[in-house]
Amino acid sequence: MNKINNELQKYVEERIFPIYDNNDSGHGIDHIMYVIGRSFKFANQFENIDLNMVYVVASFHDLAHHIDKDNHEVLSANLFYLNEKMKEFFTYEQRGIIKDAIEDHRASLDHEPRSVYGKIISSADRNVDIISSLKRTHAYTIKHYPELDLNEMINRAYNHISEKFGDCGYAKVWLVDEEFDKFKNDVKELLKDKYTFGIKYMEVNNICLLYTSPSPRDISGS
């Protein structure tokens, strides 16, 4: 962080970060700080990278999640691009690259990110920890699907993580990331048994005391 423009960092911390209080906890400020840290790590794989651009891409990438989760990448990119203060720090060309990178960060992206900054944010945005993944999935479910009972939440989480991080999962990284490779193997092991998955889900999210523990039949859906 010592290479980031001080005025830029101050503005982001004071004016942008507080907006993340509106998001679910899985897309809140803790997640943003996680992504910023991983973005800087990936930036080290390249020469001539503008760390101010890396920082801002990570800082803005989920900003509009509370407005429209399904289109938040486009809305977040627009919030950056229309921000008058950002024009003081970046050229027209740089702002275009940052906007594209924010748009390209989602795991469900059907094309390769358009720039190295897009590859950095897309890779940095991936979970590399089972516990964090289960917590983020639960936080998302609680906020957006509050009508689900415990068994339905577990089934949704199992299906979501399988579709995203399983053998044929759509989530990918575009850069060298040994942490993500290990995480994928951990996910593969956890998904082998749906009942074990459900118990882990409850333990991680501290909900086993709030609900009656589901039976193997309930969780497996058999």
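**Exercise 1. Find the residue that caps the N-terminal end of helix α8, then check the length and the buried side of that helix.**

Solution. The cap on the N-terminal end of α8 is D149, which has a side-chain oxygen 3.2 Å from the backbone nitrogen of N151. This is a predicted model, in which local features need pLDDT of at least 70 and side-chain atom pairs count only at pLDDT 80 or more, while totals for chains, interfaces and linings use all residues. Residues are numbered from 1 along each chain as its sequence is written, and side-chain values use heavy atoms, with hydrogens and water left out.

Next comes the length. Helices are DSSP runs of H or I with at least four residues, and strands are runs of E with at least two, numbered from the N terminus. The expected span of a helix is 1.5 Å times one less than its number of residues, so the 16 residues of α8 (residues 150–165) should span 22 Å, and the end C-alpha atoms, 22 Å apart, agree with this.

Last comes burial, where buried means under 20% relative accessible area, exposed over 50% and partly exposed in between, with a 1.4 Å probe and protein chains only. The buried residues in α8 are L150, M153, I154, N155, A157, Y158, I161, K164 and F165. An α-helix has 3.6 residues a turn, so residues three or four places apart point the same way.

**Exercise 2. Describe the surroundings of N127 in its loop.**

Solution. N127 lies in the loop between α6 (116–124) and α7 (130–144). With a relative accessible area of 5%, N127 is buried. Its side chain makes a polar contact (a pair of N or O atoms within 3.5 Å, where within protein one must be able to donate a hydrogen and the other to accept it, and residues adjacent in sequence count only if both atoms are side-chain atoms) with the side chain of S132, at 3.5 Å. Contact means heavy atoms within 4.5 Å, and once neighbours within four places in sequence are left aside, N127 is in contact with Y34, S132, S133, R136, F165, F180 and F183.

**Exercise 3. Is D104 buried or exposed, and what does its side chain reach?**

Solution. D104 is placed in the loop between α5 (92–103) and α6. Its relative accessibility is 1%, so D104 counts as buried. The side chain of D104 reaches the backbone nitrogen of R114 at 2.9 Å. Not counting residues up to four places away in sequence, D104 touches L109, H111, P113, R114 and S122.

The helix α5 can then be examined in turn: its 12 residues should span 16 Å, and its end C-alpha atoms are 17 Å apart, which agrees. The buried residues of α5 are Q94, R95, I98, K99, A101, I102 and E103, and what covers them includes α3 (51–60), α4 (72–81) and α6.

**Exercise 4. Where do N48 and N206 lie, and what is the sign of phi in each?**

Solution. N48 is found in the loop between α2 (29–43) and α3, and although it is not a glycine, N48 has a positive phi of about 60°. At 79% relative accessibility, N48 counts as exposed. N206 sits in the loop between α10 (194–204) and α11 (216–220), and its phi, near 55°, is likewise positive in a residue other than glycine. N206 is exposed, with a relative accessible area of 61%. Most residues other than glycine have a negative phi.
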